[in-house]
Amino acid sequence: MKITALTIYQVDLPLEHPYWLSGGRLKFDCLDATFVRVDTDAGITGWGEGTPWGHTYVPAHGPGIRAGIDTMAPFILGLDPRLLLDVERAMDIALPGHLYAKSPIDMACWDIAGQAAGLPIADLMGGGSRSPKPIASSVGAKTVDETRAVVERYRQRGYIAHSVKIGGDVERDIARIRDMEANRKPGEIILYDVNRGWSRQQAIRVMQATADLSVMVEQPCETLDDIAAIRPLHPAPVSVDEALVTLQDAARIARDGLAEVFGIKLNRVGGLTRAARMRDLALAHGIDMFVMATGGSVLADAEALHLAATIPDHAIHAVWACQDMLTVDIAGGRGPRNIDGHLHLPEGPGLGVHPDLDALGAPVASYRVT
Ligand code: MG
């Protein structure tokens, strides 16, 4: 089987509510999504998606995905998409780094491999758990009262997992954590996500002031060096996501004991092929996981769900449904959807969901074997 064509679509995915990242970073209200259609000479078509969470969250850029694919396309055409490692190496030779631009290609190749094998991607990767996965909410930086209201809205929709965004204001962060914990429901999974918004002294002050609550904090500071430096000064379990990009990062975190949880976002780490290595390293070191898209449609959520399904139930905390934060649906209601706060693994072969061509508009680029 050979890849005969790559067709690229750009779609604006508006957010239902504008989103503020902590630390004074820009507000945004629309995601720049790239959808990649990969055609083969076997008549099987695979789909990938790359949707950064705005341009100020991590070094990932919507137009950069399209530019990266433009550079890599000549190296990808003609390859067998089922040979994921060959595709990975070809992309690495064509363009070192730029993992977020490679992720949608990797995703589409897994989709094709799954369809060719007649298996959902999770089963093709070795076996997918059918346990419904709790969806984590994403509660933007707000006041105590606003946080309560947003979390309550998610609870009404069945959510039991919440990623509450904090950072930047020590007193307010302490107040929001204390209020959330005072109103926590039995069985709820709550993650306080700083998104790198604290300096070291701010992190120490908040984490020491809430030490009695034993809450879990995600990405408290900018770098792994920062997280290592404050590590001896607080007792909180830590999740690392933005500073977990490469397998070398994962190895350092595991070896040095910098975190108890990995937040694996597929687009950031370069797709399923690379994320699966982080999963194995995490399991080998007793590290639990959150698995998510960086953002995007039901396609990106489905990709993350497949990886999450390959993690033993006890080690996966939650997934995400960014699709629930959008005002458009590019797949007409198909694919894994929120059912009482959980996502269920699609049983179709490959990714298990494809977009409506009508929802994508005209392609912005196409590459084919000549
Ligand atoms: Mg996070």
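Asp39 and Arg37 pair up in a salt bridge, with 3.0 Å between the closest N and O atoms. The model is a predicted one, and distances and accessibilities here are computed from it. The acid of this pair is tucked away: Asp39 has a relative accessibility of 15% and counts as buried. Its partner, Arg37, comes out as partly exposed, at 23%. With the cut-off for buried set at under 20%, Asp39 falls on the buried side, whereas Arg37 does not.

A second pair sits within a helix. Arg89 and Asp86 join their side chains in a salt bridge, at 3.9 Å from N to O. That distance still qualifies because the rule accepts a nitrogen within 4 Å of a carboxyl oxygen. Both residues belong to helix 2, which spans residues 84–94, and they lie three residues apart, so about one helical turn separates them. Neither side chain is buried: Arg89 is partly exposed at 49% relative accessible area, and Asp86 is partly exposed too, at 37%.

Other contacts reach much further along the sequence. Arg130 makes a salt bridge to Glu347, and here the closest N and O atoms are 2.7 Å apart. This one ties together distant parts of the chain, as the two residues are 217 positions apart. Arg130 lies in the loop between helix 4 (121–124) and strand 4 (133–139), while Glu347 is found in the loop between strand 12 (342–343) and helix 13 (357–360). As for solvent, Arg130 is partly exposed, with 37% of relative accessible area.

Charged side chains also gather in a group. Salt bridges link Glu88, Asp92, Lys102, Arg274 and Arg277 into a network. Over the whole structure, the count of salt bridges stands at 29.

The cysteines tell another story. How many disulfides does the structure hold? The number is zero. A disulfide, after all, is a covalent bond between the sulfur atoms of two cysteines. For Cys322, the closest cysteine sulfur belongs to Cys30 and is 11 Å away, which is too far for a bond. To count as a disulfide, the two sulfur atoms would have to be within 2.5 Å. Cys322 is buried, its relative accessible area being 0%. Cys109 is likewise buried, at 0% relative accessibility.

Technical notes:
Residues numbered from 1 in each chain as written. Predicted model: local features only at pLDDT ≥ 70, side-chain atom pairs only at ≥ 80, totals over all residues. Heavy atoms only, no water. Buried < 20%, exposed > 50% of the residue type's maximum accessible area, 1.4 Å probe, protein only. Helix = DSSP H or I, 4+ residues; strand = E, 2+ residues; numbered from the N terminus.
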